[in-house]
Amino acid sequence: MTERSRRAFLAAGASALAVTAGCSRLPVVGDDDSSVSYDSERLRDVPDLDAVTIPATHPGPVPNALAETHANRAAALLAEVPEDPAIPNGVVAARIADDREHAAESIADRSTDVSTLEAVGGWRYDRTDAAEVRGAYEAATGDADPEGLRERQEVIRGDLRAFRENWAYRGRNVVEAAAVHRNVESLATDAGDALIPDQPFPANPKDAVFEVGSLVSEVEDARASVDDAAALRDAYTDDEMAGYRDAIATAAVRLERVTDATRHRVDPYVSAESGVSNFQRDLDDKPAEWLFWRTKSTARTSIESMESAIERDDYATAVAESGRALVGLLALEAVVEAIQNGEYGMPQSTDAVVDAWERAVDAVAETETMEPHSLTDVLAVRARSALRDGERELAGNPDYESHEDVPDQRDVRNAVAMYALAVHAADAVPPVAERVTAVLRDAVRGGSATDG
């Protein structure tokens with residue numbers, strides 16, 4: 001990104017957003033001749049799958065007590081279900097026994113020493129899984145309690161309502177507060193969703209054993225999510241911190257306008273109807289084709305997530321998704337320009353593929369030193385995941401048995417596309433981080449921070 005472009009992006013008016021960063025970093029990786037052959041074994045050995053990580057994006061503490069609570073509750077739920085349930089219907093009995101065994105194995109394999117929200121989420125899943133087993137068992141044995149389940153739902157609704165009413169979005173500063181409370185919002189939203197049953201309680205539970213189990217698990221999930229939201233908030237905040245709810249809400253609305261203005265600039269390419277036919281060249285089976293579709297999808301997904309968060313009043317989430325949408329849109333703008341200039345045909349040699357990989361690795365590595373981490377780690381997720389996807393195209397996905405196969409022409413095409421996306425997305429992180437930070441701080445200076 002030129003200094004002139006950076007200044008334009010950071011200007012106060014939403015219409016003055018910059019053209020995306022880093023076009024000079026990206027080489028022309030080949031023309032449209034796909035007859036070149038590659039050293040597949042060399043390419044398979046280039047990526048380092050273990051080196052590409054997606055860092056935790058919760059800057060607050062994650063207490064082990066959360067996992068311990070879920071572990072104890074899951075164990076207690078399973079303890080009420082015999083290993084060999086005495087149920088007349090043999091098919092139902094076998095499935096409940098099998099589900100119980102799988103739930104118990106998952107609990108036994110999981111550590112209560114946690115440091116990330118993903119690890120806590122795994123325990124929450126095990127807990128709801130155990131509740132589903134017990135709910136199905138109670139239905140099969142005639143002990144289902146629909147009234148008790150409804151009463152529990154109402155208690156959780158009341159707790160969730162009280163939690164939201166006493167939520168000031170406190171933090172050490174507004175940027176960190178937005179990052180922390182985004183994750184708290186996610187849990188509160190999940191809890192609310194889980195309290196809306198997707199089906200009525202069966203009139204005859206014995207004839208709908210597993211439907212009952214599903215309803216019971218949803219209520220358990222709601223309980224666990226509300227408790228986790230409260231615990232995460234309490235672990236991070238104290239009464240001396242300022243409250244930033246109004247500032248974050250103001251920033252979310254302003255960033256939505258910024259995102260809309262940026263989208264307007266590339267609307268012919270980000271709209272649902274747009275496709276590779278917009279370009280005056282043949283992109284079939286070229287990196288340009290895959291790069292365009294993936295970049296467009298990334299931008300559209302973040303825009304939709306931002307809009308949904310605004311509708312729910314999840315303003316910290318909206319701030320993060322606005323930032324991600326801006327990263328995606330700036331990347332798309334750069335991709336469109338590059339494709340229009342004839343770039344991203346098939347690379348003309350194995351060395352050209354390795355060069356694309358090196359540039360992606362360097363670009364993503366630079367995001368690891370960007371500040372503030374609580375924001376840039378969130379914005380850089382797309383760049384890091386694109387690099388990881390490119391690595392798996394060449395080296396194979398370790399989750400699949402066939403990951404030792406050498407890459408073919410299609411794998412090379414997709415890898416080069418993902419490496420290019422990683423660079424474009426990484427280069428967009430600094431200006432977007434500066435813009436989001438400025439909008440948040442401006443909202444505070446405008447009087448939207450409180451002590452209450």
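**Exercise 1. Asp-48 and its surroundings**

Task: Determine whether Asp-48 is buried, partly exposed or exposed in this predicted model, and state where in the chain Asp-48 lies.

Solution. Step 1: the relative accessible area of Asp-48 is 40%. Step 2: the limits to apply are under 20% for buried and over 50% for exposed. Step 3: the value falls in between, so Asp-48 is partly exposed. Step 4: Asp-48 belongs to the loop that runs between helix H2 (40–45) and helix H3 (64–79). Step 5: the C-alpha atom of Asp-48 is separated by 8.2 Å from that of Ala-395, although their positions lie 347 residues apart along the chain when counted as a distance in sequence.

**Exercise 2. The chain as a whole**

Task: State how many helices and strands the protein chain has, and what share of its residues is buried.

Solution. Step 1: the secondary structure consists of 16 helices and 2 strands. Step 2: of the 452 residues in the chain, 52% are buried. Step 3: the chain exposes about 20000 Å², and carbon and sulfur atoms account for 45% of that area. Step 4: when contacts between residues at least 6 apart in sequence are considered, 84% of them join residues at least 24 apart.

**Exercise 3. The largest nonpolar core**

Task: Identify which residues touch the most other members of the largest nonpolar core, and which helix gives the most to it.

Solution. Step 1: a general tendency sets the scene: in soluble globular proteins, nonpolar side chains tend to be buried together. Step 2: the largest nonpolar core here has 129 residues, and those touching the most other members are Ile-96, Ile-248, Val-319, Ile-339, Val-412, Tyr-419 and Leu-440. Step 3: the greatest contribution to this core, 20 residues, comes from helix H16 (residues 409–448). Step 4: one of the residues named, Ile-339, is in contact with Phe-279, Arg-281, Leu-283, Ala-288, Phe-292 and Tyr-344, neighbours within four places in sequence being left aside.

**Exercise 4. Salt bridges**

Task: Explain what the salt bridge between Arg-110 and Asp-126 ties together, and contrast it with the pair Arg-157 and Glu-154.

Solution. Step 1: the structure holds 28 salt bridges. Step 2: in one of them, the closest N and O atoms of Arg-110 and Asp-126 are 2.6 Å apart. Step 3: Arg-110 is in the loop between helix H4 (90–109) and helix H5 (117–140), while Asp-126 is in helix H5, so the pair ties together parts 16 residues apart in sequence. Step 4: Arg-110 is partly exposed at 31% relative accessibility, whereas Asp-126 is buried at 1%. Step 5: Arg-157 and Glu-154 also form a salt bridge, at 2.6 Å from N to O. Step 6: both of these residues lie in helix H6 (residues 146–165), 3 residues apart, which is about one turn of the helix. Step 7: Arg-157 is partly exposed, with 27% relative accessibility.

**Exercise 5. Helix H5**

Task: Compare the span of H5 with the expected value, and state how many of its residues are buried.

Solution. Step 1: the 24 residues of H5 reach 35 Å from the first C-alpha to the last. Step 2: at 1.5 Å a residue, 34 Å is expected, and the span of H5 is close to that. Step 3: H5 is mostly covered, with 17 of its 24 residues buried. Step 4: just after H5, Gly-142 has a positive phi of about 80°.

**Exercise 6. Asn-183 and its partners**

Task: Find which side chain makes a polar contact with that of Asn-183.

Solution. Step 1: Asn-183 is part of helix H7 (residues 174–194). Step 2: its relative accessible area is 10%, so Asn-183 is buried. Step 3: the side chain of Asn-183 is joined to that of His-58 by a polar contact of 2.9 Å. Step 4: residues up to four places away not being counted, Asn-183 touches Thr-57, His-58 and Leu-117.

**Exercise 7. Unusual backbone values**

Task: State what is notable about the phi of Tyr-169 and of Tyr-344, and about the peptide bond from Glu-371 to Pro-372.

Solution. Step 1: most residues other than glycine have a negative phi, and most peptide bonds are trans. Step 2: Tyr-169 nevertheless has a positive phi of about 60°. Step 3: Tyr-169 is buried at 2% relative accessible area and lies in the loop between H6 and strand S1 (170–171). Step 4: Tyr-344 likewise has a positive phi, near 70°. Step 5: Tyr-344 is buried and is found in the loop between helix H12 (315–340) and H13. Step 6: the peptide bond from Glu-371 to Pro-372 is cis, with omega near -10°.

Conventions: Residues are numbered from 1 along each chain as its sequence is written. Side-chain values use heavy atoms; hydrogens and water are left out. A salt bridge is a side-chain nitrogen of Lys or Arg within 4 Å of a carboxyl oxygen of Asp or Glu. Helices (H or I, at least four residues) and strands (E, at least two) are DSSP runs, numbered from the N terminus. Buried means under 20% relative accessible area, exposed over 50%, partly exposed in between (1.4 Å probe, protein chains only). Contact means heavy atoms within 4.5 Å. Accessible areas come from the Shrake-Rupley method with a 1.4 Å probe; for residues, only the protein chains shown count as cover. A nonpolar core is a set of buried Ala, Val, Leu, Ile, Met, Phe, Trp, Tyr and Cys residues joined through side-chain atoms within 4.5 Å. The expected span of a helix is 1.5 Å times one less than its number of residues. A polar contact is a pair of N or O atoms within 3.5 Å; within protein, one must be able to donate a hydrogen and the other to accept it, and residues adjacent in sequence count only if both atoms are side-chain atoms.
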